[in-house]
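User: Could you take a close look at one pocket of this protein and tell me what lines it? A word on a helix contact afterwards would be welcome too.

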Amino acid sequence: GVLVKGSNYLEALSNTEIMVLDKTGTLTEGVFEVQQINPIDISKEDLIKYATYAESFSNHPIAISLKKAYGKEIVNKEVSETQELSGLGVRAVIDGESVLVGNEKLMKENCIDYIKSEEIGTILYIAVNNKFAGTIVISDKIKTDAKETIDKLKKDNIKKIVMLTGDKRKVGENVAKKLGIDEVYTELLPSDKVEKVEELMKNKSENGNLAFIGDGINDAPAMKTADVSIAMGTIGSDIAIETADIALMSDDLSKIPYIKRLSDATIKTIKF
């Protein structure tokens, strides 16, 4: 169930000291569900419709959860334009109305007077015609074998386990605490992930390596920076699987300690 693209990657994994993991789709199911719809001066139906239509052209887990919660057919002709704003959200024109769906930064950048949500989860802030229309709370589930995987990696001489995520601080820290992860960095753009990996690379010993485990398009640049990279197979994006040195053919997290132990055993055999 593991595809290793070269013997050198197996050796690099054996010398790994720092393991960096993406959160969504790697440590969590990547299956988001809408938990709350909080409209302001607008109906719940309209709020979920605007958010769903704005995200309708995306295959991101958040977009899929919105479509599921909306539960109606999407009439594409009602969306005249969409623009993805990296690290912020999306801008769209729906039925002639200008709609913004994204995080707090998106609201701030467009000078929208919004009400900050204190809920734990991914918060989508929605504005219609530059007026705040409410929030939608979406949450993800931690994989059942995530805690066990982290514990096994620590036993396998991984000195530091780090989690990187684009999610806000409260969400990231909550997941890291539950899993016993050593360090967590939140609210990261794809370029920030690369910077963090470069920073962490300076903390390893002379012969030690850093491994990065991820699944998305956003992870590919960070994967390229690491000494050895692992992609989660079935939900991973094509570019992540293509970039990775090792690909897991399933999304079974227990394969990570397995491949680490296999690499250790292989190197011992070679040295013997």
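Analyst: Happy to help; here is the pocket, followed by the helix pair. The model is predicted, with local features needing pLDDT of at least 70 and side-chain atom pairs pLDDT 80 or more, while totals for chains, interfaces and linings use all residues. Numbering starts from 1 along each chain as its sequence is written, and side-chain values use heavy atoms, leaving out hydrogens and water.

The second largest pocket has a volume of about 160 Å³. A pocket here is an open set of points on a 1 Å grid over the protein atoms alone, where a 1.4 Å probe fits, with protein on both sides within 12 Å along at least five of seven lines; lining residues have an atom within 4 Å of a point. The volume is the space filled by probe spheres set on the points, which are joined across faces, edges and corners.

Of its 15 lining residues, Ser139, Asp140, Val171, Asn174 and Val175 are the closest to the centre. Strand β8 (131–139) and helix α6 (169–179) each supply at least two lining residues, and α6 gives the largest share, four residues. Helices (H or I, at least four residues) and strands (E, at least two) are DSSP runs, numbered from the N terminus.

As for the helix pair, Thr149, Lys152 and Leu153 of α5 are in contact (heavy atoms within 4.5 Å) with Ile256, Pro257 and Arg261 of α10.
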